[in-house]
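Colleague: I'm new to this one, so could you walk me through it and tell me how each label was earned?

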Amino acid sequence: MSWGCPMSPNAAGASSPSESISVAPPLAQTPLHAFHLRHGAKMVPFAGYAMPLQYPAGLLQEHRHTRRAAGLFDVSHMGQIVLRPRSGEVAEAARALEAVIPIDVLGLAEGRQRYAFLTDAAGGILDDLMVAHLPGRLVVVVNAANKAADTAHLRATLPDSVAVEPVLGGLIALQGPNAAAALGRLLGHPADLEAMRFMDVREVAIFGAPCLVSRSGYTGEDGFEIAVPAEAAEALAEALIADASVLPVGLGARDSLRLEAGLPLHGADIDPGTSPVEAGLAWAISPVRRSGGARVGGFPGAARILEEITRGPARRRVGLRPEGRAPVRAGAMLFADAAADEAIGHVTSGGFGPSLEAPVAMGFVPAALAAPGTRVFAELRGTRLPLVVSRLPFVPAGFKRG
Amino acid sequence: MLRFTDEHEWLRLDGDTATIGITAHAAEQLGDLVYVELPKVGAKLTKGEAAAVVESVKAASDVYAPLSGEVTEVNEAAGSDPASIGGDPQGAGWLYRLKLDDPSDMDALMDEAAYADFAK
């Protein structure tokens, strides 16, 4: 038998594990490398890093535990970039960043973060990211596979008055309905942390180390992402999993959790060939940057993106529920009916949704076929299988919005 | 007679029919299985062609026909509960039975000790 191809096109081992070992440069290690080995992780190459695919509990249990209690994820491979205006005026950095993303950054309050994306001149998505407003600076978190390109892009496009400073450090995600209670117990229930809502960001000292905590994540659950100095990362991770409700979780379950949550993965569901409007991400494009807004356009690809907001895109990213039990995975071609010759689109992510106990997928279909309930067909091993276009997310989000 | 292939399948010969499944090593590498596609009873398989598919959450893997023959039976219980395969891949988690065109082909496959060495 052949071992299948794991994870995403972003993985260093995109073709096969053995091939990636022979051709890839030495893998980088995160500050939690020893932690992963100590806890029995199966390590795989991902975006140039040795990363945990799963721990002994296994992918299904790690997934379900995160939905039911809490999971700890090492996301230190992601890029953390500080944008520091030399003037000290954050508005200067915000204005500069607005020239490369279609988001209202000037209106982003201190202590808040927003989802955003870097666009190119054709209106494609170079990367998606989070941007946070902290005292005296903006902090951007980008995808691991794109962090070098993003840093170069920001340096090339932002004025010299804004320093672009990559941060080397740990990044730990604590996700799940018990995440807040577990972090609260560890830190002695500080009032400022307990008051945090979805997309709030706070500077918090944890075990004496200066950390940056945001209430956000990539699982569809309530939770936190904690930027922690490299030398303090392991102690924090150990302290968090010492809580009975917290289990370490690998990249495998991270992928199935985000898929069920309907969250796109750059390099799979979105890339420079997809526009934010096609990808169903127009919600993130602030009204002030749209037609009729005070700071309309002014970002790469504005003409196409604003046009698509007004007239609707030709195709859309949709959720897909296979009617049978067989997972339909990335790359499968989609057809309007069981006999059609011409493909209408393709699956960009797909697999088994452990919380739904059913296969789930995402892909692009023509706008006319994007309504929930529409039946399309995927070709799998020479057979056409029916799938139903479904609303995203597949599982309800557990964010703390109140 | 129990034999193994370098594609991580096992075969147990009874008369001229082999019971076939994935090895414990393969099951360990794949992790939790969520879907299995079995061949059809009566299908004629040629050595090396895709006979079954086992899928974990993260990936689909082909299971190739280790020898040529005709499918006489499939493990419906494993098909409807793929997770059960991982619990006993070399016993109750068998996948299908193949009436071999030439049972002596078994002789060319690895015995348990040779496979244990191969899978190291």
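Colleague: Which backbone oxygen does the side chain of B:Lys58 reach?

Modeller: Bear in mind first that this is a predicted model. The side chain of B:Lys58 gets to the backbone oxygen of B:Leu30, at 3.3 Å. The cut-off for a polar contact is within 3.5 Å, so the distance of 3.3 Å passes.

Colleague: Why is B:Lys58 called buried?

Modeller: Its relative accessible area is 17%, and buried means under 20%, so B:Lys58 counts as buried. You'll find B:Lys58 in the loop between strand 6 (50-56) and strand 7 (60-64) of chain B. UniProt, in an unreviewed entry, puts the feature "modified residue: N6-lipoyllysine" at B:Lys58.

Colleague: What does B:Lys58 supply, together with B:Val34 and B:Val57, where chain B meets chain A?

Modeller: Let me start with the whole interface: chain B and chain A bury about 1900 Å² between them, 58% of it on carbon and sulfur atoms. B:Val34, B:Val57 and B:Lys58 supply 33% of the area that chain B buries against chain A, more than any other three residues. In terms of contacts, 24 residues of chain B touch 21 residues of chain A.

Colleague: What makes A:Arg329 and B:Glu55 a salt bridge?

Modeller: Their closest N and O atoms are 2.7 Å apart, and the rule asks for within 4 Å, so the pair qualifies. The rule finds three salt bridges across this interface. It also finds eight residue pairs in polar contact there. On the side of chain B that touches chain A, strand 7 of chain B gives the most, with five residues. The residues of that side divide into 12 nonpolar, four polar and eight charged.

Colleague: How do you know that helix 3 of chain A is largely enclosed by the rest of the structure?

Modeller: Count the buried residues: seven of the 10 in helix 3 (residues 59-68) are buried, so the helix is largely enclosed. Among them are A:Leu59, A:His63 and A:Arg67.

Colleague: And why is A:Glu357 called partly exposed?

Modeller: A:Glu357 has a relative accessible area of 47%. Partly exposed runs between 20% and 50%, so A:Glu357 belongs there. Its phi is near 50°, a positive value in a residue other than glycine. A:Glu357 sits in the loop between strand 16 (345-353) and strand 17 (358-366) of chain A.

Colleague: Which peptide bond is cis?

Modeller: The one joining A:Leu392 and A:Pro393, with omega about 0°. Most peptide bonds are trans.

Note on methods:
Residues numbered from 1 in each chain as written. Chains lettered and ligands numbered in written order. Predicted model: local features only at pLDDT ≥ 70, side-chain atom pairs only at ≥ 80, totals over all residues. Heavy atoms only, no water. UniProt positions renumbered as here; feature names shortened; annotations may be inferred. Helix = DSSP H or I, 4+ residues; strand = E, 2+ residues; numbered from the N terminus. Buried < 20%, exposed > 50% of the residue type's maximum accessible area, 1.4 Å probe, protein only. Polar contact = N/O pair within 3.5 Å; in protein donor to acceptor, adjacent residues only side chain to side chain. Contact = heavy atoms within 4.5 Å. Buried area = accessible area lost by both parts, 1.4 Å probe. Salt bridge = Lys/Arg side-chain N within 4 Å of Asp/Glu carboxyl O. Nonpolar A, V, L, I, M, F, W, Y, C, P; charged D, E, K, R; others polar.
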